[in-house]
Amino acid sequence: MDLVALQHNLDNLSFAVLFLTMLVYWSGAAFPNLPYLAFCGTLGMAIANFCMAALLGARWLEAGYFPLSNLYESLFFLAWGVTTIHLIAEAMSRSRLTGVFTSPLAMGITAFAALSLPPEMQNSAPLVPALKSNWLMMHVSVMMLSYATLLVGSLLAIAFLVITRGQEIQLQGSSLGTGSYRLKSSLTLEPNVALASTPDLPSGNTTVLQTVNLTTAPRLSPQRLTLAETLDNISYRIIGLGFPLLTIGIIAGGVWANEAWGSYWSWDPKETWALITWLVFAAYLHARITKGWQGRKPAILAATGFCVVWICYLGVNLLGKGLHSYGWFF
């Protein structure tokens, strides 16, 4: 079996399937009364996931090491992780609309890897000495899975901002933290709540709280509110899964760095941006769990994290050299 030709066919097939799957998800959003489109979208993501897993397996057999040594391999591993997390998120939310946002991300990653990278970067090559370690599988795979998870969670937070048009709304889902947001909102007057006296008993008037719309902002439909609550909830849960993976990956990287270079931390550009990424999502989870933030504010923080993850993963490799920049090609 020609494993090189098989890999070439699988990367093109992955791109084609994800492109069609993206169109299916978008068509399903435009025509929600066609239930078979939702099934076809999930099926397409599952097929693409299998194709990329087979590609990575073929590369592993051909090269003899876990396929995460160059940019091409890591991009397909990232795309495989995105499709895997998508299938988990879709099963958790039971909403096919997550694919409207995640399928373009997975398709774009595969397109960049299969169509944009030069052939010499797509071919497998012998490992550099620093990568000849069992830590390659542990550290890099966990980091890439954390990137995929955080990208999906952050993308759903961006989708939340799009659905709500950036408005501050009150959510009632299970994504609220243990902070005092609900308590404070029930004891204090919000801008759209006013005091009014209404006749209650024959003996007199009783002062009660009435909700009065004092703002002129357009109100969202119940369908949009339900979708926004679902996106907020699933985004929070996915980011909550990705953050421990990122933490474990950074710790494993420190141990490997000490073994390979004699230092746990050297402030390499990749290490610095990994720390920045960790701090951004630590702030996100802190705000949600202890401060009770929900809705627009944490979504903006997660959207910032989306950009930071891309800088940490791809920007450092493309725009600068360092100990981790094995995929640098400028």
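## A tour from Ser103 outward

At 0% relative accessibility, Ser103 counts as buried. Select this serine to begin; the model on screen is a predicted one. Ser103 belongs to helix α4. Display its surroundings, leaving out neighbours within four places in sequence, and Met22, Tyr25 and Met45 appear as the contacts of Ser103.

**Stop 1: Gly99.** Stay in helix α4, where Gly99 is also placed. Is Gly99 buried or exposed? Its relative accessible area is 0%, so Gly99 is buried. With residues up to four places away set aside, Gly99 touches Tyr25, His86 and Pro104. Tyr25 is therefore a name to keep selected, being in contact with Ser103 and with Gly99. Now draw a distance from Gly99 to Thr21, C-alpha to C-alpha: the label should read 8.6 Å, for a pair 78 residues apart in sequence.

**Stop 2: Leu18.** Move to helix α1 and select Leu18. Leu18 is buried, with a relative accessible area of 0%. Which residues does Leu18 contact, leaving aside its neighbours within four places in sequence? The list is Met45, Ala48, Met52, Thr83, Ala106, Met107 and Thr110. Met45 has come up before, as a contact of Ser103. A C-alpha distance from Leu18 to Gly41 gives 9.3 Å, and these two are 23 residues apart along the chain.

**Stop 3: the α1 and α3 pair.** Hide everything except α1, residues 3-30, and α3, residues 71-93. Their axes come within 13 Å of each other and cross at roughly 35°. The crossing of α1 past α3 is left-handed. On the α1 side, select Gln7, Asp11, Ser14, Leu18 and Tyr25; on the α3 side, select Tyr72, Phe76, Thr83, His86 and Glu90. Coloured by class, the residues of this contact come out as 4 nonpolar, 4 polar and 2 charged.

**Stop 4: Gln122.** Bring the rest of the chain back and go to helix α5, residues 119-122, where Gln122 is found. Why does Gln122 count as buried? The relative accessible area of Gln122 is 15%, and the cut-off for buried is under 20%. Two residues from the previous stop return here: Asp11 and Tyr72 are among the residues that Gln122 touches. The others, again not counting residues up to four places away in sequence, are Arg59, Ala113, Ala114 and Leu117. Between Gln122 and Tyr72 the C-alpha separation is 5.4 Å, across 50 residues of sequence.

**Stop 5: Ala38.** Next select Ala38, in helix α2. Ala38 counts as partly exposed because its relative accessibility is 24%. For a distance to draw, take Leu97: the two C-alpha atoms are 8.7 Å apart, and the residues are 59 apart in sequence.

**Stop 6: the nonpolar core.** Which members of the largest nonpolar core touch the most other members? Select Leu78, Tyr147, Trp310 and Tyr313, out of a core of 78 residues. Helices α1, α2, α3, α4, α6, α8, α9 and α10 each supply at least two residues of this core. The greatest contribution comes from α6, with 16 residues; this helix spans 135-163. In soluble globular proteins, nonpolar side chains tend to be buried together.

Then centre the view on Leu78. Setting aside residues up to four places away in sequence, its contacts are Ile109, Met144, Tyr147, Ala148, Leu151, Trp310 and Tyr313. Tyr147, Trp310 and Tyr313 thus appear both in this list and in the group named at the start of this stop.

**Last view: the whole protein.** Zoom out and switch to a cartoon. How many helices and strands are there? The protein has 10 helices and 2 strands. Followed along the sequence, their order is α-α-α-α-α-α-α-β-β-α-α-α. Colour by accessibility, and 45% of the 330 residues are buried. Switch to a surface: the exposed area is about 16,300 Å², of which carbon and sulfur atoms supply 67%. For a contact map, take contacts between residues at least 6 apart in sequence; 76% of these join residues at least 24 apart.

Definitions and conventions: Residues are numbered from 1 along each chain as its sequence is written. This is a predicted model: local features need pLDDT of at least 70, side-chain atom pairs count only at pLDDT 80 or more; totals for chains, interfaces and linings use all residues. Side-chain values use heavy atoms; hydrogens and water are left out. A nonpolar core is a set of buried Ala, Val, Leu, Ile, Met, Phe, Trp, Tyr and Cys residues joined through side-chain atoms within 4.5 Å. Buried means under 20% relative accessible area, exposed over 50%, partly exposed in between (1.4 Å probe, protein chains only). Helices (H or I, at least four residues) and strands (E, at least two) are DSSP runs, numbered from the N terminus. Contact means heavy atoms within 4.5 Å. Axes are lines fitted to C-alpha atoms, for helices over the stretch in contact, and angles run from 0 to 180 degrees between N-to-C directions. A crossing is left-handed if the near helix is turned anticlockwise from the far one by less than a right angle, and right-handed if clockwise. Ala, Val, Leu, Ile, Met, Phe, Trp, Tyr, Cys and Pro count as nonpolar, Asp, Glu, Lys and Arg as charged, and the others, Gly among them, as polar. Accessible areas come from the Shrake-Rupley method with a 1.4 Å probe; for residues, only the protein chains shown count as cover.
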